[in-house]
Amino acid sequence: IDSSVWSMWRYAHMLPVSPAFSLGAGMTPLIPAAVEGVQIFAKCDYLNPSASYKDRGTETLVNYLVSQHVTHVVEDSSGNAGSSLALYAAAAGLNAQIFVPASAPEGKRRAIAASAELAVIEGARQAVTEACIAAATNGSVYATHSWNPYFILGQQTLAWELWEQFGRTAPAAIVMPVGQG
């Protein structure tokens, strides 16, 4: 752990990609709180650059894509992953096209459109994925957050960070959003 780095890249020696750039994801505060009389700690990952817990994975994934000289990415998302990838792709100089369902929240759609090409798809969620995969066959890389190991390894930095913030011990339990489940 490089304690002189105040981002997820303090764990760079444990990740299979070097940081070519960073927007500073990670090292978000852990705030004590109580819910119905139970003491908890809230991890404030909404303070990440795109206001999403997905930024850790996106930062690792986009750094990997940059190392592979990728220039254009596509993603299908209903919100957080798409806005995160749009921001990071723009910061890394990549062209991004994000496919979303017509039911995606307007705020997420605006966030995506600010940095990437937004493709709104009518119909079932599966239609969004199919349109995205079809676009990936035209020279674009499908930068999915669902199964890409570089994304998942970036998300893993949350566990190391919690361990560090809890005095190098694991908490008894963790409750967190799971996105694609």
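# A walk through the predicted chain

Let's start with charge: the protein chain carries 9 positive and 13 negative side chains, with the centres of the two sets 4 Å apart. For that count, Lys and Arg are positive and Asp and Glu are negative, while His and the chain ends are not counted. Each charge is placed at NZ of Lys, CZ of Arg, CG of Asp or CD of Glu.

A word on the ground rules. This is a predicted model, where local features need pLDDT of at least 70 and side-chain atom pairs count only at pLDDT 80 or more, though totals for chains, interfaces and linings use all residues. Residues are numbered from 1 along each chain as its sequence is written, and side-chain values use heavy atoms, with hydrogens and water left out.

Now zoom out. The protein chain has 181 residues, and a compact globule of that length would have a radius of gyration near 16 Å; the chain comes in at 17 Å, which agrees. That radius is taken over C-alpha atoms, and the globule rule is 2.2 Å times the number of residues to the power 0.38. Along the principal axes, the C-alpha trace spans about 50 × 40 × 25 Å. The surface exposed by the protein chain is about 9,100 Å², with carbon and sulfur atoms supplying 58% of it; accessible areas come from the Shrake-Rupley method with a 1.4 Å probe, and for residues only the protein chains shown count as cover.

How much of the protein chain counts as buried? The figure is 43% of the 181 residues, where buried means under 20% relative accessible area, exposed means over 50%, and partly exposed is in between (1.4 Å probe, protein chains only). As for contacts (heavy atoms within 4.5 Å), take those with a separation of 6 or more: residues 24 or more positions apart account for 60% of them.

On to secondary structure. You'll find 5 helices and 6 strands in the protein chain, and along the sequence they follow the pattern β-β-α-β-α-β-α-β-α-β-α. These elements are DSSP runs numbered from the N terminus: helices are H or I with at least four residues, strands are E with at least two.

In general, strands of a sheet pair through backbone hydrogen bonds, either parallel or antiparallel. Here, two strands pair if DSSP finds at least two bridges between them. Strand β1 (residues 30-35) and strand β2 (residues 38-43) run antiparallel, joined by 6 bridges. They form a hairpin with 2 residues between them, and E36 in the turn has a positive phi of about 50 degrees. To find your way around this hairpin, look at V35, whose bridge partner in β2 is V38.

Just before β1 sits M27, another residue with a positive phi: the value is near 55 degrees, and M27 is not a glycine. M27 is buried at 9% relative accessible area. Leaving out residues up to four places away in sequence, M27 touches W6, S7, R10, Y11, K43, R56 and E161. M27 also lies 9.9 Å from E164, C-alpha to C-alpha, although the two are 137 residues apart in sequence.

Further along comes helix α1 (residues 55-67), home to N63. Is N63 buried or exposed? N63 is buried, with a relative accessible area of 0%. Apart from residues up to four places away in sequence, N63 touches W9, V17, S18, P19, A20 and F21. The loop between α1 and β3 holds H69, which has a positive phi of about 60 degrees without being a glycine. Unlike the buried N63, H69 counts as exposed, at 67% relative accessibility.

That loop leads into the other sheet: 4 strands form an open sheet with parallel pairing, in the order β5-β4-β3-β6. Its edge strands are β5 (117-121) and β6 (141-142), each pairing on one side only. Strand β3 (residues 72-76) runs parallel to β6, and 2 bridges join them. Across that pairing, V73 stands opposite V141 in β6.

Strand β3 also contains H72, which is partly exposed at 21% relative accessible area. Neighbours within four places aside, H72 is in contact with N95, A96, Q97, S140 and V141. By contrast, H72 and S3 are 34 Å apart in space, C-alpha to C-alpha, with their positions 69 residues apart in sequence terms.
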